[in-house]
Amino acid sequence: MGKYFGTDGFRGEANKDLTVEHAYKIGRFIGWYYGRNKKDEKCKVVIGKDTRLSSYMFEYALGAGLTASGADAYLLHVTTTPSVSYVARTEDFDCGIMISASHNPYYDNGIKLINGAGEKMDEETILKVEAYLDGISGEIPFATGNSIGKTIDYAAGRNRYIGYLISLATRSFKGKKVGLDCANGSAWMIAKSVFDALGAKTYVIHNEPDGTNINTNCGSTHIESLRELVKEKGLDVGFAFDGDADRCLCVDENGDVVNGDLIIYIYGCYMKERGKLQGNKVVTTVMSNFGLYKALDEAGIEYEKTAVGDKYVYENMSANGYRIGGEQSGHIIFRKYATTGDGILTALKMMEVMLEKKKTLSELAEPVTIYPQVLKNIRVTDKAAAQNDPDVQAAVQNVAGKLGSDGRILVRESGTEPVVRVMVEAPKPDICEAYVDEVIDVIVKKGYKVG
């Protein structure tokens, strides 16, 4: 990860950590970089944004930077991250930019860079952007005369993405009652349009964005209201998205949450039954629940474990040809259909399995027993030293030995904070708590704890 860009873009509080000047300079560099070798045509960049108050400001700043460098900026307006990825890879764009801080509160925002293949931009290019932001790489020329770029309303691109999603459904949703929690974010119009077109009776909540209510007590990070809606209205299923709709969590007909681990299990089994599970493997991160792995073992499905972050999941899938992978948070990648997580696509795929197998979501998820999990963070003076300390390692190995095949322990460094995370999964919560504290006590005794 670079100085500004993490695994999911440049993110921070708007006009404090991520400023309008940053956005302008990113546009300046991207417009110049992708257009520098073009002779008879201009660089083309597609831009989408979520519903945050600051997204409009960043959209105009990026547009000014891009056009000042001679690029044409195509504006999708309020749309989802996966739609920007789809348009970038299918409509001959040099790259795409999404303005969103995903599931963060409204006062944060972010800039995600997407390459022409619809994938997260490579590290080499990101480092060049950062060097320009820091003034290391020098100035770049302004476009003049007829080489100055322009902004173009490109709502048609968003509509084509909606049509693409509708085309992926294998059956009509007629007769199904579906709840949609749009998080007052990017999915607020798109999700209903797709499900209505497919014949579902939709019950939509949190679809009135005002610039400051995105993710506020709603969406995939606050799923309680969707659970209540499903139970109150007797719905067949509910789907909750995050701010930029690249994640989806489900609620079954009983009001119980079906998270990303369960989604991977359900669709992995469905693919295996049809002979479509490439390599007989799904891709997870190290934070997936121990219960998922036990259920996959029972189903005869193998799995990969990557570092936390959908970026790493996709890299593994792409390198090995795997077709399904994702995170517990609901960021699921269906690589045949998309190059990034797509919440609405995930919802469609869950509907597909329910309809094709004629089962409820609870029946499909029933074989997986999610293990209790306790995760504690400890702020330390040196996270690498704390994690690699021989006594800490010995404590971790001791806990692993006591857990045996009935649980697991994971100790890892935070990617953004001076924090070590200690997580234990076991059959009972009190066992998790005791074993987490056992390791943290050693970290404290060795003097690594801050404060």
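## Close-up views of a predicted model

**View 1. Ser102 is a buried residue in this predicted model****.** With a relative accessibility of 1%, S102 falls under the 20% cut-off, so S102 counts as buried. The residue sits in the loop that runs between β5 (95-99) and β6 (108-115). In the UniProt record, an unreviewed entry, the feature "active site" is placed at S102. Setting aside neighbours within four places in sequence, the contacts of S102 include R11, R52, K112 and N215, and also among them are D242, G243, D244, D246 and R247. Look as well for the polar contact of 3.4 Å between the side chains of S102 and H103.

**View 2. N215, a contact of S102, has a positive phi****.** The phi of N215 is near 65°. Most residues other than glycine have a negative phi. N215 belongs to the loop between β9 (201-205) and α7 (224-233), and its relative accessibility of 6% makes it buried. For a companion view, turn to N184, where phi is near 50°. N184 is in the loop between β8 (177-181) and α6 (190-197) and is buried too, at a relative accessible area of 5%.

**View 3. The largest nonpolar core holds 68 residues****.** The members that touch the most others are V194, F195, F239, F241, I266 and L361. A second, separate core has 32 residues, with Y4, A23, C95 and I97 among them. Back in the largest core, which residues is L361 in contact with, leaving aside its neighbours within four places in sequence? They are V237, C250, V251, D252, E253, V258, I266, M350 and M354.

**View 4. Aromatic pairs number 19 in the structure****.** One of them is the stacked pair of F29 and Y33, at 5.4 Å centre to centre and with 20° between the planes. Both residues belong to helix α1 (residues 20-35), four residues apart, or about one turn of the helix, and both are buried. Another pair, Y293 with Y303, is tilted: 4.6 Å centre to centre, 45° between the planes. Here Y293 comes from helix α9 (residues 290-299) and Y303 from strand β14 (residues 302-306). Y293 is buried at 3% relative accessibility, whereas Y303 is partly exposed at 25%.

**View 5. Lysines lie over the faces of Y132 and F93****.** K25 is 5.1 Å from the ring centre of Y132, a residue that shares one aromatic cluster with F29, W32, Y33 and Y34. K44 lies over the face of F93, at 4.7 Å from the ring centre.

Note on methods:
Residues are numbered from 1 along each chain as its sequence is written. This is a predicted model: local features need pLDDT of at least 70, side-chain atom pairs count only at pLDDT 80 or more; totals for chains, interfaces and linings use all residues. Side-chain values use heavy atoms; hydrogens and water are left out. UniProt positions are given in the numbering used here, feature names are shortened, and annotations may be inferred rather than shown by experiment. Helices (H or I, at least four residues) and strands (E, at least two) are DSSP runs, numbered from the N terminus. Buried means under 20% relative accessible area, exposed over 50%, partly exposed in between (1.4 Å probe, protein chains only). Contact means heavy atoms within 4.5 Å. A polar contact is a pair of N or O atoms within 3.5 Å; within protein, one must be able to donate a hydrogen and the other to accept it, and residues adjacent in sequence count only if both atoms are side-chain atoms. A nonpolar core is a set of buried Ala, Val, Leu, Ile, Met, Phe, Trp, Tyr and Cys residues joined through side-chain atoms within 4.5 Å. Rings of Phe, Tyr and Trp (its six-membered ring) pair if their centres lie within 6.5 Å; planes under 30 degrees apart count as stacked, over 60 as edge-to-face and the rest as tilted. A charge sits over a ring if NZ of Lys or CZ of Arg is within 6 Å of the ring centre and within 35 degrees of the ring normal.
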